[in-house]
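Colleague: Could you take me through one part of this model at close range? I would enjoy a connected account.

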Amino acid sequence: MNWDEQVALVTGASSGIGLEMARQLADAGAQVFASARREQRLAQLAAEFPAGRITPLVADLAEAGAGARLVKQVLDAAGRLDLLVNNAGYGELVKADEQTTEAVARQMQVNFMAVIEATLAAIPTMKSQGGGRILNVASIVGHMGLPGIAAYVASKHALQGWSEASGYDLREHGIAVTCLCPGGTATEFDDHPSFDRHDGVSSFTQPAATVARAGLRGAWKRKPLVIPGLRNRFFLWAHDRLPWLYRRIMYREARRIAPRD
Ligand SMILES: NC(=O)c1ccc[n+]([C@@H]2O[C@H](COP(=O)([O-])OP(=O)(O)OC[C@H]3O[C@@H](n4cnc5c(N)ncnc54)[C@H](OP(=O)(O)O)[C@@H]3O)[C@@H](O)[C@H]2O)c1
(Lines give C-alpha, C1' and ligand atoms only; values in the text may rest on other atoms or scores of the structure.)
Protein backbone atom coordinates (compact mmCIF):
# COMPACT_ATOMS: atom_id res chain seq x y z
CA MET A 1 0.00 0.00 0.00
CA ASN A 2 1.34 3.43 -0.83
CA TRP A 3 -1.03 6.14 0.35
CA ASP A 4 1.72 8.77 0.33
CA GLU A 5 0.37 12.13 -0.92
CA GLN A 6 -3.06 10.62 -1.59
CA VAL A 7 -6.06 12.72 -0.55
CA ALA A 8 -8.53 10.79 1.62
CA LEU A 9 -11.84 11.61 3.27
CA VAL A 10 -12.83 9.37 6.20
CA THR A 11 -16.27 9.73 7.74
CA GLY A 12 -16.89 8.53 11.28
CA ALA A 13 -13.27 9.29 12.19
CA SER A 14 -13.89 10.27 15.83
CA SER A 15 -13.83 6.67 17.12
CA GLY A 16 -13.55 2.99 16.28
CA ILE A 17 -12.79 1.77 12.77
CA GLY A 18 -12.81 5.23 11.17
CA LEU A 19 -10.40 6.64 13.76
CA GLU A 20 -7.97 3.78 13.09
CA MET A 21 -8.29 4.19 9.32
CA ALA A 22 -7.58 7.93 9.59
CA ARG A 23 -4.52 7.18 11.74
CA GLN A 24 -3.22 4.47 9.41
CA LEU A 25 -3.69 6.65 6.35
CA ALA A 26 -1.98 9.63 8.00
CA ASP A 27 0.88 7.37 9.17
CA ALA A 28 1.29 6.28 5.55
CA GLY A 29 1.62 9.89 4.39
CA ALA A 30 -1.87 10.58 3.07
CA GLN A 31 -3.54 13.96 3.40
CA VAL A 32 -6.58 13.02 5.49
CA PHE A 33 -9.86 14.84 5.96
CA ALA A 34 -11.46 13.36 9.08
CA SER A 35 -15.14 13.88 9.69
CA ALA A 36 -17.65 13.27 12.50
CA ARG A 37 -19.88 15.28 14.85
CA ARG A 38 -17.55 15.32 17.88
CA GLU A 39 -15.21 18.22 17.18
CA GLN A 40 -13.03 17.68 20.25
CA ARG A 41 -12.27 14.08 19.27
CA LEU A 42 -11.29 15.16 15.76
CA ALA A 43 -9.03 17.90 17.14
CA GLN A 44 -7.29 15.32 19.37
CA LEU A 45 -6.76 13.06 16.36
CA ALA A 46 -5.35 15.90 14.25
CA ALA A 47 -2.98 16.84 17.10
CA GLU A 48 -1.35 13.39 16.92
CA PHE A 49 0.18 14.32 13.55
CA PRO A 50 2.18 17.19 12.03
CA ALA A 51 0.03 20.22 11.20
CA GLY A 52 -1.98 19.82 8.00
CA ARG A 53 -1.75 16.03 7.81
CA ILE A 54 -5.26 15.58 9.24
CA THR A 55 -7.95 18.21 8.71
CA PRO A 56 -11.05 17.88 10.92
CA LEU A 57 -14.42 18.45 9.26
CA VAL A 58 -17.42 18.55 11.59
CA ALA A 59 -20.62 17.26 10.00
CA ASP A 60 -23.83 15.55 11.04
CA LEU A 61 -24.66 13.02 8.32
CA ALA A 62 -28.24 12.75 9.57
CA GLU A 63 -28.81 16.06 7.77
CA ALA A 64 -29.85 15.55 4.14
CA GLY A 65 -27.11 16.80 1.81
CA ALA A 66 -24.33 16.66 4.43
CA GLY A 67 -22.47 13.89 2.57
CA ALA A 68 -22.25 15.96 -0.62
CA ARG A 69 -21.24 19.10 1.30
CA LEU A 70 -18.38 17.19 2.95
CA VAL A 71 -16.94 16.09 -0.38
CA LYS A 72 -17.25 19.64 -1.75
CA GLN A 73 -15.28 20.94 1.26
CA VAL A 74 -12.49 18.45 0.53
CA LEU A 75 -12.41 19.30 -3.18
CA ASP A 76 -12.36 23.05 -2.41
CA ALA A 77 -9.43 22.53 -0.04
CA ALA A 78 -7.37 19.86 -1.82
CA GLY A 79 -8.54 19.95 -5.45
CA ARG A 80 -8.75 16.16 -5.67
CA LEU A 81 -9.99 13.09 -3.84
CA ASP A 82 -8.25 9.74 -4.19
CA LEU A 83 -9.97 7.74 -1.44
CA LEU A 84 -13.48 8.21 -0.09
CA VAL A 85 -14.11 6.15 3.05
CA ASN A 86 -17.80 6.00 3.87
CA ASN A 87 -17.51 4.62 7.39
CA ALA A 88 -19.85 6.62 9.66
CA GLY A 89 -22.77 4.59 10.92
CA TYR A 90 -24.72 3.52 13.96
CA GLY A 91 -27.29 0.99 15.10
CA GLU A 92 -29.92 0.80 17.81
CA LEU A 93 -31.24 -2.36 19.45
CA VAL A 94 -34.96 -1.94 18.80
CA LYS A 95 -37.23 -4.83 17.85
CA ALA A 96 -39.11 -4.47 14.57
CA ASP A 97 -42.50 -4.17 16.28
CA GLU A 98 -41.20 -1.25 18.37
CA GLN A 99 -39.72 0.71 15.47
CA THR A 100 -40.82 4.15 14.32
CA THR A 101 -40.58 5.26 10.71
CA GLU A 102 -38.56 8.31 11.84
CA ALA A 103 -35.91 6.16 13.56
CA VAL A 104 -35.62 3.85 10.54
CA ALA A 105 -35.36 6.83 8.16
CA ARG A 106 -32.60 8.39 10.30
CA GLN A 107 -30.54 5.19 10.19
CA MET A 108 -31.06 4.95 6.43
CA GLN A 109 -29.94 8.57 6.09
CA VAL A 110 -26.71 8.18 8.08
CA ASN A 111 -25.81 4.60 7.07
CA PHE A 112 -26.92 4.68 3.43
CA MET A 113 -28.16 7.96 1.90
CA ALA A 114 -25.16 9.95 3.16
CA VAL A 115 -22.95 7.42 1.36
CA ILE A 116 -24.85 7.98 -1.88
CA GLU A 117 -24.61 11.76 -1.49
CA ALA A 118 -20.85 11.64 -0.89
CA THR A 119 -20.26 9.14 -3.68
CA LEU A 120 -22.23 11.07 -6.31
CA ALA A 121 -20.39 14.25 -5.31
CA ALA A 122 -17.01 12.51 -5.63
CA ILE A 123 -17.51 10.68 -8.93
CA PRO A 124 -17.08 13.60 -11.40
CA THR A 125 -13.73 14.56 -9.85
CA MET A 126 -12.55 10.95 -9.62
CA LYS A 127 -13.46 10.48 -13.30
CA SER A 128 -11.62 13.61 -14.38
CA GLN A 129 -8.50 12.70 -12.37
CA GLY A 130 -8.44 9.24 -14.01
CA GLY A 131 -9.80 7.15 -11.15
CA GLY A 132 -10.05 6.72 -7.42
CA ARG A 133 -11.14 4.41 -4.64
CA ILE A 134 -14.33 4.24 -2.60
CA LEU A 135 -14.37 2.16 0.58
CA ASN A 136 -17.83 1.57 2.04
CA VAL A 137 -18.03 0.13 5.54
CA ALA A 138 -21.12 -2.08 5.59
CA SER A 139 -21.28 -5.12 7.89
CA ILE A 140 -21.54 -8.88 7.92
CA VAL A 141 -25.26 -8.17 8.57
CA GLY A 142 -25.36 -6.74 5.04
CA HIS A 143 -25.49 -10.42 4.02
CA MET A 144 -27.84 -11.83 6.69
CA GLY A 145 -30.43 -10.90 9.29
CA LEU A 146 -29.94 -10.50 13.04
CA PRO A 147 -32.74 -9.98 15.56
CA GLY A 148 -33.26 -6.60 17.24
CA ILE A 149 -31.56 -4.45 14.62
CA ALA A 150 -33.81 -4.75 11.56
CA ALA A 151 -33.37 -1.08 10.57
CA TYR A 152 -29.59 -1.36 10.82
CA VAL A 153 -29.62 -4.67 8.91
CA ALA A 154 -31.73 -3.07 6.15
CA SER A 155 -29.35 -0.11 5.84
CA LYS A 156 -26.34 -2.42 5.56
CA HIS A 157 -28.04 -4.67 2.98
CA ALA A 158 -28.71 -1.52 0.94
CA LEU A 159 -25.10 -0.41 1.28
CA GLN A 160 -23.73 -3.84 0.44
CA GLY A 161 -25.93 -4.05 -2.68
CA TRP A 162 -25.08 -0.51 -3.77
CA SER A 163 -21.37 -1.20 -3.30
CA GLU A 164 -21.33 -4.32 -5.47
CA ALA A 165 -23.56 -2.85 -8.20
CA SER A 166 -21.91 0.58 -8.36
CA GLY A 167 -18.55 -1.17 -8.56
CA TYR A 168 -19.61 -2.69 -11.89
CA ASP A 169 -20.64 0.73 -13.23
CA LEU A 170 -17.59 2.65 -12.07
CA ARG A 171 -14.80 0.24 -12.98
CA GLU A 172 -14.51 1.52 -16.57
CA HIS A 173 -13.73 4.95 -15.10
CA GLY A 174 -10.90 3.60 -12.96
CA ILE A 175 -12.96 3.91 -9.78
CA ALA A 176 -12.85 0.86 -7.48
CA VAL A 177 -15.60 0.29 -4.92
CA THR A 178 -14.68 -1.90 -1.94
CA CYS A 179 -17.26 -3.08 0.57
CA LEU A 180 -15.81 -3.86 3.99
CA CYS A 181 -18.12 -6.15 5.98
CA PRO A 182 -16.86 -6.50 9.54
CA GLY A 183 -18.38 -8.68 12.22
CA GLY A 184 -18.18 -7.72 15.89
CA THR A 185 -15.45 -5.11 16.31
CA ALA A 186 -14.23 -3.53 19.57
CA THR A 187 -15.46 0.07 19.15
CA GLU A 188 -18.02 2.40 20.73
CA PHE A 189 -20.76 0.93 18.54
CA ASP A 190 -22.42 -0.99 21.40
CA ASP A 191 -22.24 1.98 23.80
CA HIS A 192 -25.71 3.03 22.67
CA PRO A 193 -27.92 2.47 25.76
CA SER A 194 -30.38 0.38 23.74
CA PHE A 195 -27.79 -2.43 23.60
CA ASP A 196 -28.14 -2.95 27.36
CA ARG A 197 -31.28 -4.93 26.53
CA HIS A 198 -29.21 -7.87 25.28
CA ASP A 199 -26.85 -9.67 27.62
CA GLY A 200 -24.69 -11.31 25.00
CA VAL A 201 -23.69 -8.55 22.57
CA SER A 202 -20.12 -8.64 21.26
CA SER A 203 -18.94 -11.86 22.86
CA PHE A 204 -16.30 -12.01 20.13
CA THR A 205 -14.73 -8.91 18.66
CA GLN A 206 -11.80 -8.01 16.46
CA PRO A 207 -9.64 -4.98 17.26
CA ALA A 208 -10.68 -1.87 15.32
CA ALA A 209 -7.13 -1.40 14.02
CA THR A 210 -7.15 -4.91 12.50
CA VAL A 211 -10.46 -4.32 10.74
CA ALA A 212 -9.30 -0.90 9.53
CA ARG A 213 -6.11 -2.37 8.09
CA ALA A 214 -8.03 -5.14 6.30
CA GLY A 215 -10.36 -2.56 4.76
CA LEU A 216 -7.58 -0.25 3.60
CA ARG A 217 -5.61 -3.19 2.17
CA GLY A 218 -8.71 -4.32 0.27
CA ALA A 219 -9.31 -0.81 -1.07
CA TRP A 220 -5.68 -0.50 -2.14
CA LYS A 221 -5.92 -3.84 -4.00
CA ARG A 222 -9.26 -2.73 -5.50
CA LYS A 223 -11.04 -5.77 -4.03
CA PRO A 224 -14.85 -5.59 -4.28
CA LEU A 225 -15.48 -7.33 -0.95
CA VAL A 226 -13.55 -7.69 2.30
CA ILE A 227 -14.84 -9.85 5.17
CA PRO A 228 -12.20 -9.62 7.90
CA GLY A 229 -11.61 -12.64 10.14
CA LEU A 230 -12.04 -16.39 9.63
CA ARG A 231 -14.83 -16.55 12.21
CA ASN A 232 -16.91 -14.00 10.29
CA ARG A 233 -16.39 -15.86 7.03
CA PHE A 234 -17.48 -19.08 8.76
CA PHE A 235 -20.56 -17.30 10.15
CA LEU A 236 -21.53 -16.23 6.63
CA TRP A 237 -20.91 -19.73 5.32
CA ALA A 238 -23.17 -21.19 8.06
CA HIS A 239 -25.90 -18.68 7.23
CA ASP A 240 -25.83 -19.67 3.56
CA ARG A 241 -25.29 -23.43 3.92
CA LEU A 242 -27.10 -24.28 7.17
CA PRO A 243 -30.08 -21.91 7.15
CA TRP A 244 -32.18 -24.10 9.49
CA LEU A 245 -29.46 -24.00 12.16
CA TYR A 246 -28.86 -20.28 11.68
CA ARG A 247 -32.59 -19.54 12.12
CA ARG A 248 -32.84 -21.68 15.26
CA ILE A 249 -29.98 -19.73 16.83
CA MET A 250 -31.50 -16.39 15.80
CA TYR A 251 -34.97 -17.19 17.21
CA ARG A 252 -33.24 -17.95 20.50
CA GLU A 253 -31.20 -14.73 20.25
CA ALA A 254 -34.40 -12.72 19.70
CA ARG A 255 -35.76 -14.09 22.99
CA ARG A 256 -32.63 -12.87 24.80
CA ILE A 257 -33.52 -9.24 24.07
CA ALA A 258 -35.19 -7.89 27.21
CA PRO A 259 -38.72 -6.52 26.86
CA ARG A 260 -38.97 -2.76 26.50
CA ASP A 261 -39.46 -0.83 29.79
N1 LIG B 1 -18.40 -2.33 15.75
C2 LIG B 1 -18.95 -3.33 15.09
O3 LIG B 1 -19.15 -4.42 15.63
C4 LIG B 1 -19.30 -3.15 13.61
C5 LIG B 1 -19.59 -4.30 12.88
C6 LIG B 1 -19.90 -4.16 11.54
C7 LIG B 1 -19.93 -2.91 10.96
N8 LIG B 1 -19.66 -1.80 11.69
C9 LIG B 1 -19.73 -0.50 11.03
O10 LIG B 1 -18.49 0.16 11.16
C11 LIG B 1 -18.68 1.56 11.01
C12 LIG B 1 -17.93 2.28 12.10
O13 LIG B 1 -18.52 1.97 13.35
P14 LIG B 1 -17.64 1.63 14.64
O15 LIG B 1 -17.84 0.21 14.96
O16 LIG B 1 -16.27 2.13 14.49
O17 LIG B 1 -18.48 2.43 15.76
P18 LIG B 1 -18.17 3.76 16.56
O19 LIG B 1 -16.93 3.66 17.36
O20 LIG B 1 -19.45 4.07 17.27
O21 LIG B 1 -17.93 4.85 15.40
C22 LIG B 1 -18.98 5.36 14.63
C23 LIG B 1 -18.52 6.63 13.94
O24 LIG B 1 -19.62 7.13 13.15
C25 LIG B 1 -19.82 8.50 13.46
N26 LIG B 1 -21.22 8.86 13.35
C27 LIG B 1 -22.31 8.27 13.92
N28 LIG B 1 -23.42 8.96 13.64
C29 LIG B 1 -23.04 10.03 12.87
C30 LIG B 1 -23.73 11.12 12.30
N31 LIG B 1 -25.05 11.32 12.47
N32 LIG B 1 -23.03 12.03 11.58
C33 LIG B 1 -21.70 11.88 11.42
N34 LIG B 1 -20.98 10.88 11.95
C35 LIG B 1 -21.65 9.97 12.69
C36 LIG B 1 -19.34 8.64 14.92
O37 LIG B 1 -18.90 9.96 15.16
P38 LIG B 1 -19.66 11.07 16.06
O39 LIG B 1 -20.46 10.34 17.09
O40 LIG B 1 -18.54 11.90 16.61
O41 LIG B 1 -20.49 11.82 15.07
C42 LIG B 1 -18.14 7.71 14.94
O43 LIG B 1 -16.99 8.37 14.50
C44 LIG B 1 -20.21 1.78 11.06
O45 LIG B 1 -20.69 2.00 9.76
C46 LIG B 1 -20.72 0.47 11.62
O47 LIG B 1 -22.04 0.21 11.17
C48 LIG B 1 -19.33 -1.90 13.02
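Modeller: Gladly! Let me start with isoleucine 249, which sits in helix H8, the stretch covering residues 243-255. Please keep in mind that this is a predicted model. Isoleucine 249 counts as partly exposed because its relative accessibility is 34%, a value between the 20% limit for buried and the 50% limit for exposed. On the surface, Ile249 joins Trp244 and Leu245 in making a nonpolar patch of about 280 Å².

From there, let us turn to the ligand. There are 29 residues around the ligand, and those that come nearest are Ser15, Arg37, Asn87, Tyr152 and Thr187. By character, the shell divides into 13 nonpolar, 11 polar and five charged residues.

Some polar contacts can be followed atom by atom. For asparagine 87, a backbone N or O atom lies 2.7 Å from a ligand oxygen. With lysine 156 the side chain takes part: one of its N or O atoms is 2.9 Å from an oxygen atom of the ligand. Glutamate 188 again uses the backbone, where an N or O atom lies 3.1 Å from a ligand oxygen. As for cover, the ligand on its own has 880 Å² of accessible area, and the protein covers 94% of that. Two or more residues of the shell come from each of helix H1 (16-27) and helix H5 (150-170).

Terms used: Residues are numbered from 1 along each chain as its sequence is written. This is a predicted model: local features need pLDDT of at least 70, side-chain atom pairs count only at pLDDT 80 or more; totals for chains, interfaces and linings use all residues. Side-chain values use heavy atoms; hydrogens and water are left out. Patches are made of residues with over 30% relative accessible area and no salt bridge: like charges are joined within 9 Å, nonpolar side chains (Val, Leu, Ile, Met, Phe, Trp, Tyr) within 5 Å. Accessible areas come from the Shrake-Rupley method with a 1.4 Å probe; for residues, only the protein chains shown count as cover. A salt bridge is a side-chain nitrogen of Lys or Arg within 4 Å of a carboxyl oxygen of Asp or Glu. Helices (H or I, at least four residues) and strands (E, at least two) are DSSP runs, numbered from the N terminus. Buried means under 20% relative accessible area, exposed over 50%, partly exposed in between (1.4 Å probe, protein chains only). A residue is near a molecule or strand if one of its heavy atoms lies within 4 Å of it. A polar contact is a pair of N or O atoms within 3.5 Å; within protein, one must be able to donate a hydrogen and the other to accept it, and residues adjacent in sequence count only if both atoms are side-chain atoms. Ala, Val, Leu, Ile, Met, Phe, Trp, Tyr, Cys and Pro count as nonpolar, Asp, Glu, Lys and Arg as charged, and the others, Gly among them, as polar.
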